[in-house]
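User: Hi! Could you walk me through this structure?

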Amino acid sequence: MNAPVFNRRSFVVACLSFAGGLAVGVSPLKALPIAGKPWSPESPEAQEVNAWVVIEPDGTILIRVAQSEMGEGIFTALPMIVAEELHCDWTKVKPEFASANRNLTGTPYNRMGTGGSGAVRRSREFLQQAGASARERLIAAAAQKFGAAPSECVARDGMVIHQASNRSLPYAELSGDAAKIRLPREPKIKTPDQFKLIGTAQNRLDVPVKVTGEAMFGIDTRLPDMVYAAVTACPVFGGTVKSFDEAAVKKRRGVLAVVPVDGGLAVVADNFWRAKEAALALSVEWDEGAAAKTSSEEFRKDYLAALDGPAATAKNTGDVAAGLNAALKKVEAVYEVPHLAHATMEPLNATVHWTPDRIDVWMGTQNPDASLQLAADVGGVAAENVFVHTCYLGGGFGRRAVNDELRQAVQVSKAMRKPVKLIWTREVDIRHDRYRPQAALRFRAGLNADGMPVAMDLRTAVGSITRSLGWGKVENGIENSAIEGLANTPYQCDALRVDCALKNTHVPVMFWRSVGSSQNAFAMESFIDELAYAAGKDPYLYRRALLSHRPDFLAVLDTLAQKSDWGTKLPQGSARGIAVHESFGTIVGEVAQVNVSKSGDIKVERVVAAVDCGHVVNPATVERQIESAVIYGLTAALYGEITIGDGAVKQGNFDDYQMVRMADSPAIETHLVLSGGSKWGGIGEPGTPPIAPAVANAIFAATGKRIRSLPIKNQNLGV
């Protein structure tokens, strides 16, 4: 495929391609921002063929999307899957959010949560079946009108054609009758060799409404008689309110009330500015609890100590101790990563209208099903009377899978008996996130006479996401996300042991883009580079030798080497670093070309990525996702760091939690190396893990200084 170069013009697009926002490319159609009204059992639509497909009188095909569009392109990719089977005119397709309320009965949309890079790979066959079923019903309805057998008819470009007479009927005239058809059996779905639309590059259907500003994000919601709420929370996680002076802020213009909510207090006013200013002025005495004296440095010592403490063994093959003892050379290294914030471009917000017998919710959520149930539980209303109006998400990365803001918004709306829009300020968002876990990892390896590893001993000490989310204790001491990329490392080694020590602090942790692979790939790919250096071998060829049993990895590595000009000479101060990692069913390799000045300033000049996700629905989406993942991961590698002092997060906004800016952006090239077969890998997250080690390895190649802790901004790389 073509490999467009990612440049500064593309920067904004990539930054927002997972965050949902400004994007390029023009489609002739306007995508619907949200459903015009909430679906309810009392208002069936005459033009609905099935729960996925609605055909309007003018021939427009509405295809419902059960997952959340947060910039990752599924408002185009998932309709493409349905349209592939529906044989409709793609230029007449519009996406629409599916109803979580409708999913309560019979779960027609199956799984509505969006995460784990699973939108396509978990729903592809389901969506194909929905499209094929709708097509066959339309054919059957047309056959009845023709007085012919369905086998005498074909579907093509939004029409059903009776082949013998060449009569035709548009889908728009058939949808009502088609909905009444009961098929004797579900039709077969296409195999990849039959695809005509899937696999072609298509402009995103959500672009026009985002360009014109018609797209409705949660924060855009406006309702009659709506009030606004701003939150203030204890600086120390787990702290509680001892007392507060409500009377003082209620004298302020527009302020209506102070409402206790989970995690703190919400100040309610007639506009958000007044609510926010009053929340800042509110005098609160907090009970900060025992964690008020903790710090990141204290956590760091504890995590390093945990590397020598008890741990659960996740994998143990061969005799690691014997292998290390017999090795001709030993290599050992310790890697550290900090907590990271999600830092979505759109801060958390939710608009709720609570009444005694019904709740309406407008928000961007990665989990509409769970949001509906949460609103029902907190609001005390039956789930069937809760309607979640899913909006576009201004960034998710895992943060919008658990809706802390919704719980608070329901509490405020119930207390005020009015529709309420509750917004977390950027500072509250950064300081009260659920973070990527802090971790320390110690790796040991023994090398033989050829410099190849004969034994590897890998240990991680990392926060438990499961425990932090309150999902219970991890009984066997092994959390899958903690060991991904380690216990399943593709590198050949006769003896491998992977130990896991789960260690939590009072800081809440959660899924962050690429989850455990984000820190494990940094450590693993840095360590492989260290082994290659100890062996005196080229890092690309060293990996190639260790992956000789995996032709899919070899194809990715060889493409990387060719496209990145691996081995050619670069100007003084510049060097290339390589890393490859498999996550969410997709292999992504990246080569970073980095320049380090004599004063230690770093410029990532170019990133070349090679991707094997098996098959692809929309290649244009894959390119944007890799670019977005590189930018997101580069932010974490260069700058990302949440630090704790006196139990509280020190950072609060983009001035002290820096993002990669346009001037930092490298040129990015993406090359698909598709292995096909039965593999359908994810694409939203796998581009993130390789970038940190690729940059770190390039810095070592340029300076001889090994990066073993992130972020890189804390390293002294000057001569």
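Analyst: Happy to; we can start with how the model is read and then turn to salt bridges and a core.

Analyst: This is a predicted model, where local features need pLDDT of at least 70 and side-chain atom pairs count only at pLDDT 80 or more, while totals for chains, interfaces and linings use all residues. Residues are numbered from 1 along each chain as its sequence is written, and side-chain values use heavy atoms, leaving out hydrogens and water.

User: Cool. How many salt bridges are there?

Analyst: A search of the whole structure finds 42. A salt bridge here is a side-chain nitrogen of Lys or Arg within 4 Å of a carboxyl oxygen of Asp or Glu.

User: Which residue does Glu 627 pair with?

Analyst: Glu 627 forms a salt bridge with Arg 624, and their closest N and O atoms are 3.6 Å apart.

User: Are those two buried or partly exposed?

Analyst: Glu 627 counts as buried at 3% relative accessibility, whereas Arg 624 is partly exposed at 27%. Buried means under 20% relative accessible area, exposed over 50%, and partly exposed in between, using a 1.4 Å probe and protein chains only.

User: New topic: which residues touch the most other members of the largest nonpolar core?

Analyst: Among them are Val 53, Leu 138 and Val 160, in a core of 91 residues. A nonpolar core is a set of buried Ala, Val, Leu, Ile, Met, Phe, Trp, Tyr and Cys residues joined through side-chain atoms within 4.5 Å.

User: And what about a second core?

Analyst: A separate one has 85 residues, including Met 452 and Leu 638.
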